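Reader: I have a chain and a bound molecule in front of me, and I would like to learn how to read them step by step. Could we begin with the surroundings of the ligand?

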Amino acid sequence: MSVPRLEVLDVTVRFAGLTALDTVGFTVEPGSLHAVIGPNGAGKSTCFNVLSGVYRASSGSVRFGEAELTALAPHRIAALGVARTFQNIALSPHLSVRDNLMLGRHRLTRAGFLAAGLRLPSARREAAEHGGRVAEIAAFVGLADRLATPVGLLPYGVQKRVELARALCMEPRLLLLDEPVAGMNGGERRDMAELIVAIRESLGISILLVEHDMGMVMRLADTVTVLDFGRRIADGPPDRVQRDPEVIRAYLGAAAENTDTHADETPGRTPAGSPDTGGTPGAGEPRKDVS
Ligand SMILES: Nc1ncnc2c1ncn2[C@@H]1O[C@H](COP(=O)(O)OP(=O)(O)OP(=O)(O)O)[C@@H](O)[C@H]1O
């Protein structure tokens, strides 16, 4: 499987008077683990939504190999091999893990509605092939013994794994992970970090990660892009980025603002933990965890 480079070039997104992304650019090298970080409201989710076709950029370009993504609908982008997970779990809770993962295979299914409905041999063969691959992926992410369990009955950390497995079922070349450890406890976070490393090492695909857990970002990422108020303020290897004065200022500024807003009880911008915390949750840790 060839993995193309992702190039985000001068992307701007405006919402009625607010510039959520301002001429942002970065490159995700094939097979690398690239993180996008920044305080709350910096534009990270907007960036993901542009890459996956949910939002249309006001200007700029997103190239995935030869393809220009900014003009494409989400299903066309997915068909190019770009899969994403969501900050909030987006699974069907009443369906089994197997059925949720089979839904992830949907775009790869060739048999038409009629052939599948009539259970023609070609459709049955195809379903068996997909079932086999689903079982392999489930085993890879540690869900082999959960295939028959309804997703809604699983603990939160396991559901996040199912979501990741479903994205893998799309056989992506670029995986977009939106806060994969949000709301997890320490053990679950470690397991998920290990899994992300294993995906990258075994599958060789590119991974773009938005994450508030700074310790995890700094340990796992090859390259980190930092956004603040929609602008890219830093981009480079983790050790350089976490020493960057503008990055430190952005996080400290957000922390100070947070303290101020606590004083008058007004909700405000909150920092995503200091960039050099090593991941220890502190007073400035994010509150945006999935409920
Ligand atoms: N659909 C929308 N309509 C209007 N404004 C939006 C929309 N989506 C995002 N914004 C605004 O764009 C800015 C960037 O938001 P975004 O959610 O991308 O930030 P973020 O870095 O992902 O924040 P968080 O860490 O809190 O998830 C914010 O000011 C937000 O209020």
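Author: We begin with a definition: helices (H or I, at least four residues) and strands (E, at least two) are DSSP runs, numbered from the N terminus. This is a predicted model, in which local features need pLDDT of at least 70 and side-chain atom pairs count only at pLDDT 80 or more, while totals for chains, interfaces and linings use all residues. Residues are numbered from 1 along each chain as its sequence is written.

Reader: Which element gives the most to the shell around the ligand?

Author: A residue counts as near the molecule if its C-beta atom, placed from the backbone, lies within 6 Å of it. Here H1 gives the most, with three residues. Twelve residues surround the ligand, and those that come nearest are Phe15, Ala20, Asn40, Ser45 and Thr46. The elements that give two or more residues to this shell are S2 and H1.

Reader: How many nonpolar, polar and charged residues does the shell around the ligand have?

Author: In this scheme Ala, Val, Leu, Ile, Met, Phe, Trp, Tyr, Cys and Pro are nonpolar, Asp, Glu, Lys and Arg are charged, and the others, Gly among them, are polar. By these classes the shell has four nonpolar, six polar and two charged residues.

Reader: In what order do the four strands of the open sheet lie?

Author: Two strands pair if DSSP finds at least two bridges between them. The order in this open sheet is S2-S1-S4-S5, with antiparallel pairing. Strand S2 (18–28) and strand S5 (67–68) are the edge strands, each pairing on one side only. Strand S4 (residues 59–64) is joined to S5 in the antiparallel sense over two bridges, and Phe64 stands opposite Ala67 in S5.

Reader: Which strands does helix H1 touch?

Author: A contact means that the C-beta atoms of two residues, placed from the backbone, lie within 7 Å. Axes are lines fitted to C-alpha atoms, for helices over the stretch in contact, and angles run from 0 to 180 degrees between N-to-C directions. Helix H1 (residues 44–51) packs on the sheet and touches strand S1 (6–15), S2 and S4, and its direction makes about 65° with that of S2.

Reader: What does the domain assignment of the protein chain give?

Author: Domain bounds come from an automatic or database domain assignment, which here gives domain 1 (1–81 + 171–291) and domain 2 (95–169). The contact takes eleven residues from domain 1 and nine residues from domain 2. On the side of domain 1 that touches domain 2, helix H2 (74–79) and helix H7 (186–203) are the elements that give two or more residues, and the largest share, three residues, comes from H7.
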